[in-house]
Every structure is written in C-alpha cells, then in structure tokens.
Amino acid sequence: TQINQWGQEVYTKVNNPTLTIYTPAASNRNQTAVLILPGGGYTILAANHEGQDIAKAFNGIGVNAFVLKYRLPNDTCMFNKEWVPFIDAQAAMKWIRDHASEYGINPDKIGVIGFSAGGHLASTLATQYQLNLNDQGSRTNAKPNFAILGYPVISMEDAIGHAGSRIKLIGKDAVAATRDQFSSHLQVSRFTPPT
C-alpha cells in the first residue's frame with residue numbers, strides 16, 4: 001500500500017516484492033551495480049529519499065541501480081517473518097547477478113546499500129548471504145561484492161538496538177539466539193565483503 005508520509009512516498013504493506021531498475025546513460029556506465037534497500041523500521045519503506053533518489057545519484061556516476069521493494073514482516077500472514085525481507089534481498093542479488101550481462105554489469109562488481117532498517121537488511125545479506133533460504137534451484141552466489149550501510153540498525157541487542165525495528169522483525173520476546181542471529185555486528189567474518 002502506497003501512502004504519503006511527511007511529504008514522502010512510502011509503502012506500508014508489501015505482499016509482492018518488486019525490483020525497479022535504474023540504468024545510467026550508456027556512455028557513462030562503469031560495469032558496477034548496487035542493490036538499494038530503503039529503510040523504515042521494517043514498518044514502512046521510504047521509497048523516495050532512500051530509494052529512487054539514491055538510484056538516480058548512482059546513475060549519475062555510471063552505476064546501475066536496483067531498488068528493492070521488499071516484503072515487510074507481518075505476523076498475520078507470514079511464517080518465519082524475520083527471514084522474509086532477507087529472502088527478498090537474497091533473491092534480488094541473485095537476479096541482478098544472473099542478468100548482469102544484459103545491463104553491462106561485471107558480476108564481480110555488484111554491491112548492496114541500505115538505510116536504517118534497510119541498512120540492517122543490507123548488513124544481514126553481507127554477513128549471512130550463504131544461508132540459501134530461497135534458492136529455487138539457483139546456484140547463483142548471493143554475496144555482495146561490497147556493502148554500504150547508511151545509518152544502519154546493526155544490532156538487535158536491547159542496549160544498542162533500535163527497539164522498533166527489533167520488535168517488528170523478530171518480536172518483543174525474541175530469544176537470545178535469535179537476537180544474536182540478527183545482530184550483524186556479531187556475524188562479521190573474514191568472508192564479509194568490504195563495507
């Protein structure tokens with residue numbers, strides 16, 4: 001559902017994820033792509049200033065941009081709601097890599113950028129890309145080659161996490177193992193891409 005909030009276009013209910021493609025001028029392409037994940041506390045998606053505006057800025061420097069309108073966690077219609085946004089982000093990364101040649105993209109130059117809760121989703125993809133939750137037979141690597149985190153929610157811990165994002169994603173009474181699983185700062189390894 002699309003609404004206007006604070007003069008911005010936002011989405012409050014997303015049942016079907018979509019990927020909107022922004023391509024730079026052919027004369028300006030540099031073979032790089034970025035998957036853009038808008039934020040909104042896992043309650044809304046800030047589609048303008050953390051989505052299409054960012055895409056247009058990347059196009060200006062020759063980067064292909066893909067804005068993902070991912071499904072927002074919803075207890076009323078989802079099983080394992082905490083993984084649904086990740087599944088959408090992982091599927092989008094695989095789709096971009098599978099279609100790289102169509103857009104003049106080097107498949108080794110595909111990154112992810114996210115803001116706020118979208119930054120959390122980007123960091124989850126960057127640190128846990130190997131969890132092949134929705135492969136549908138795909139062998140495509142979902143690992144971003146780089147990650148950019150804009151004011152991200154980086155933890156689900158009580159003392160430092162954003163309570164609204166945590167409650168919406170994993171619930172108020174999530175067990176410690178779940179909080180740790182979705183605390184990206186605890187999931188960093190030597191395999192995490194440059195961030």
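What follows is a chat between a trainee and a mentor about a predicted model.

Trainee: Before we start, what should I keep in mind about this model?
Mentor: The model is predicted, so local features need pLDDT of at least 70 and side-chain atom pairs count only at pLDDT 80 or more, while totals for chains, interfaces and linings use all residues. Residues are numbered from 1 along each chain as its sequence is written, and side-chain values use heavy atoms, with hydrogens and water left out.

Trainee: Great, let's do the sheet. What is the strand order?
Mentor: The order is β3-β6-β4-β7-β8, an open sheet of five strands with mixed pairing. Strands here are DSSP runs of E with at least two residues, helices are runs of H or I with at least four, and both are numbered from the N terminus. Two strands pair if DSSP finds at least two bridges between them.

Trainee: And which strands stand at the edges?
Mentor: β3 (18-22) and β8 (147-150) do; each has a single partner strand, so one side of each lacks a neighbour in the sheet. On average, neighbouring strands of this sheet are turned by 20° against each other, direction ignored. For angles, axes are lines fitted to C-alpha atoms, for helices over the stretch in contact, and the values run from 0 to 180 degrees between N-to-C directions.

Trainee: Which way do β3 and β6 run?
Mentor: They run antiparallel, joined by five bridges. Threonine 18 stands opposite lysine 69 in β6, for example.

Trainee: How about β4, what does it pair with?
Mentor: β4 runs parallel to β6, with four bridges, and leucine 35 has phenylalanine 66 in β6 as its bridge partner. β4 also pairs with β7 in the parallel sense, over five bridges. There, leucine 37 is matched with glycine 114 of β7.

Trainee: So what joins β7 to β8?
Mentor: Four bridges join β7 (residues 110-115) to β8, and the two run parallel. Isoleucine 113 has isoleucine 148 as its bridge partner in β8, and glycine 114 has leucine 149.

Trainee: How many residues of β7 are buried?
Mentor: Six of the six, so β7 is largely enclosed by the rest of the structure. Buried means under 20% relative accessible area, exposed means over 50%, and partly exposed is in between, using a 1.4 Å probe and protein chains only. Both faces are covered: Ile110, Val112 and Gly114 are buried on one side, and Gly111, Ile113 and Phe115 on the other. β6 is mostly covered, with five of its six residues buried.

Trainee: What does phenylalanine 115 touch?
Mentor: Leaving aside neighbours within four places in sequence, phenylalanine 115 is in contact (heavy atoms within 4.5 Å) with Leu37, Pro38, Gly39, Glu50, Ile54, Gly150 and Tyr151. Its C-alpha atom is separated by 4.5 Å from that of glycine 150, 35 residues apart along the chain. The relative accessible area of phenylalanine 115 is 10%.

Trainee: Switching topic: which helix lies across the sheet strands?
Mentor: α2 lies across β3, β4 (33-37), β6 (64-69) and β7, running at about 160° to β4.

Trainee: Cavities next. How many turn up?
Mentor: A search of the whole structure finds one of 30 Å³ or more, and the largest cavity has a volume of about 30 Å³. On a 1 Å grid over the protein atoms alone, a cavity is a set of points where a 1.4 Å probe fits but cannot get out, and lining residues have an atom within 4 Å of a point. Grid points are joined across faces, edges and corners, and the volume is the space filled by probe spheres set on the points.

Trainee: What lines the largest cavity?
Mentor: Tyr42, Glu82, Pro85, Phe86, His120, Leu121, Thr124, Leu169 and Phe182. α2 (84-98) and α3 (117-128) each supply at least two lining residues, and α3 gives the most, with three.

Trainee: Is threonine 124 buried or exposed?
Mentor: Threonine 124 is buried, at 2% relative accessible area. It sits in α3 and touches Phe86, Tyr129 and Ser184, not counting residues up to four places away in sequence.

Trainee: Last one: where are the positive phi values?
Mentor: Glutamine 31 has phi near 70° and lies in the loop between β3 and β4. Serine 116, in the loop between β7 and α3, has phi near 55°. Most residues other than glycine have a negative phi. Glutamine 31 is partly exposed at 44% relative accessibility, and serine 116 is partly exposed at 21%.

Technical notes. 1 Å grid on protein atoms, 1.4 Å probe; cavity = no way out; pocket = protein on both sides within 12 Å on 5 of 7 lines; lining within 4 Å.
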